[in-house]
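Here are my notes for you on this one. Have a look at the sequence and the structure, then read on.

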Amino acid sequence: MSKILSVSGRGIPLRGNDIDTDRIMPARYLKVVSFEGLERHVFEDDRKTNRGPHPFSDMRYQDAAVLVVNSNFGCGSSREHAPQGLARFGIQAMIGESFSEIFLGNCSVLGVPCFTADHDTIDKLQSLIEQSPETTVDANVETGIVTAGPLKFQASMPAPVRDAFVQGKWDPTMMLLDKFDEVRHVATHLPYVSGF
Amino acid sequence: MADTLFHKVWNAHKVRTLPSGQTQLFIGLHLIHEVTSPQAFDMLRQHGWKVAFPERTIATIDHIVPTSSQQRPFLDVMAEEMTVSLERNCKEFGIKLYLPDTMEQGIVHVIGPQLGLTQPGMTIACGDSHTSTHGAFGAIAMGIGTSQVRDVLASQCLAVEPLKVRRIDVSGQLAPGVYAKDVILTIIRKLGVQGGVGYAYEYGGDTLDRMTMDERMTICNMSIEGGARAGYVNPDETTFAYLKGRQFAPSGAAWDKAVTWWRSMASDRNANYDDVVRLDAGAIEPTVTWGINPGQSVGVSERIPANADPEALAYMGFEAQMPIRGTKIDVAFIGSCTNGRLSDIEEAARIVKGHKVAKHVKALMVPGSREVAKEAEKRGLHQIFIDAGFEWRGAGCSMCLAMNPDKLEGRQVCASSSNRNFKGRQGSPSGRTLLMSPAMVAAAAIAGEVADVREMLEAVPA
């Protein structure tokens, strides 16, 4: 599996707290048996009803790789269809004030690093991208340092998640299968598995 | 050393520390459904992986199942395809599947406990955020995404990081007309929809001690709405009495051993918590959401806050300082994994009995499982709803997330016993949801507007 050391590309700013996965991927698009094509429906209802142009419909951000959000992004439903849609849209990393736990776990397994920083820093980054959409945002997974034009700041990520990206161990199935005798050992010692 | 249930369960299921630093956690019970599992099975096939412990995964269909007629093939071609796909996957990998032609079918978080699959001291995972429901039994139950469903299928394990534990102590007597739903909505209002990020919530206190398992499930169900991935209640006599005699619960000599082990997994009296919050149950009134997240709620006698979020107000078409009571509704929905159990139906029936649904209101009563429906019908409850003008439906998730034909239209306002009032949640991109208890939904259905169930209860013999 490939190591993910940094993500570099244009940014897309999406303002607002508590943006839930129903908004990222409306439930009617979960009626599928594969994730293919979900990028077409990212924020579909928000894009139609937004008063101004929604960032995901704004041509200036069409090639963006780094999504910049506010707090509790991805809350609500555990649907992986949401981060799958974002990843297939081209999002390779996210920087935000905070992320919902399940969403963060889904992103990690997909190889999409999510960085956090405080409100003022995020606001500055969003404003910068809004003013100069062509700015390259560079997020270094190993150091947590984010640079974008004149902006440079230290972002964070839980150490085990960071290490998983840096070591190329972010897709855990192989690791989980690696010492399967230990799994069996734990299972047989659980009273409810052995029938009490 | 004194410890919490969370840590005891975590330690009993920890396989090892992965090279990444995450914990490899064994999952005792894996529940799957038609929406978040098909891609996981495809990934297994791509890699040539088997299901490691097929007997530890149970499948049902709930999200897309129609509730008006459950005759196969389903009229919705995609719903049928997803069902066929789950049937094929379960057959190929040796997994037990409950379809609507079996009495066991229902919402995954209703049938797990009902069948006695959900037990204290377990780790439970399901590709659904409301997996936290199962914590009511003293299990650590977490919602996961599809790639993690793949991981559990392939290895019966997850790569995860431990959570902190916040004790939420609720004490005092709930007033008549105030329910578990009002307690959890109040907790979320108080701590915020982000308050639980990084935490498991341990609910306790004398109010929780007196609660039935159905009520505890309602509370744990909405932990995720407060940002907490898991929520639990320590197992006690109420838990054991609920489980005894259920299909998958231990029996005979194993029962006593099980109870001993379950007791030992409960948090110790002097356990340390990362945080403690106290709440007075007596101060809670019937609660209604006015906004677009479950933290945006008020007591039914209160007004929408003066500093209410403008985005939420604009979407809902409300104004700050408006009373929530008297808000006209178009649809009433009773059901979901939050409030689709027998006691919810019974309580709503008490309100509905002898009344008629307001003329302009479409009212749906959707039992959480076939078993719940059967029990309710045995007691004649379905007739009370039908006589009042409710539609009595088959079991499923229905209008909680509207992946089946049950959807809001346009800007309809729905009084709903479900768990999320997100924009567009109930199937119409501009539809509006007011979350409340099933009894409050029943009251709103009759009044045609948000009403105070306490006043209606005064007229009902206990």
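What follows is a short list of points on the chains, their contact and the domains.

1. Before anything else, keep in mind that this is a predicted model.

2. Let's start with chain A. You'll find nine helices and seven strands in its secondary structure. Along the principal axes, the C-alpha atoms of chain A fill a box of roughly 60 × 40 × 25 Å.

3. Chain A has 196 residues, and 49% of them are buried. Now take the contacts in chain A between residues at least 6 apart in sequence: 71% of these join residues at least 24 apart.

4. Next, how many residues does each chain bring to the contact between A and B? Chain B gives 64 residues and chain A gives 54 residues. On the chain B side, the elements that supply two or more residues include the helices α1 (5-13), α2 (38-47) and α3 (77-93), along with the strands β1 (14-17) and β2 (23-26). The biggest giver on that side is α5(B), with seven residues. Sorted by class, the side of chain B that touches chain A has 27 nonpolar, 25 polar and 12 charged residues.

5. Chain B is also split up by its domain assignment, into domain 1 (5-160) and domain 2 (285-457). The C-alpha centres of these two domains of chain B lie 28 Å apart. Their contact takes 22 residues from domain 1 of chain B and 21 residues from domain 2 of chain B.

6. Which helix gives the largest share of the domain 1 side of that contact in chain B? That's α4 (residues 108-114) of chain B, with four residues. By class, this domain 1 side of chain B, where domain 2 of chain B is touched, holds 10 nonpolar, 10 polar and two charged residues.

How values were computed. Residues are numbered from 1 along each chain as its sequence is written. Chains are lettered from A and ligands numbered from 1 in the order in which they are written. This is a predicted model: local features need pLDDT of at least 70, side-chain atom pairs count only at pLDDT 80 or more; totals for chains, interfaces and linings use all residues. Two residues are in contact if their C-beta atoms, placed from the backbone, lie within 7 Å. Ala, Val, Leu, Ile, Met, Phe, Trp, Tyr, Cys and Pro count as nonpolar, Asp, Glu, Lys and Arg as charged, and the others, Gly among them, as polar. Domain bounds come from an automatic or database domain assignment. A residue is buried if 20 or more other C-beta atoms lie within 10 Å of its own, exposed if 12 or fewer, and partly exposed in between; C-beta atoms are placed from the backbone.
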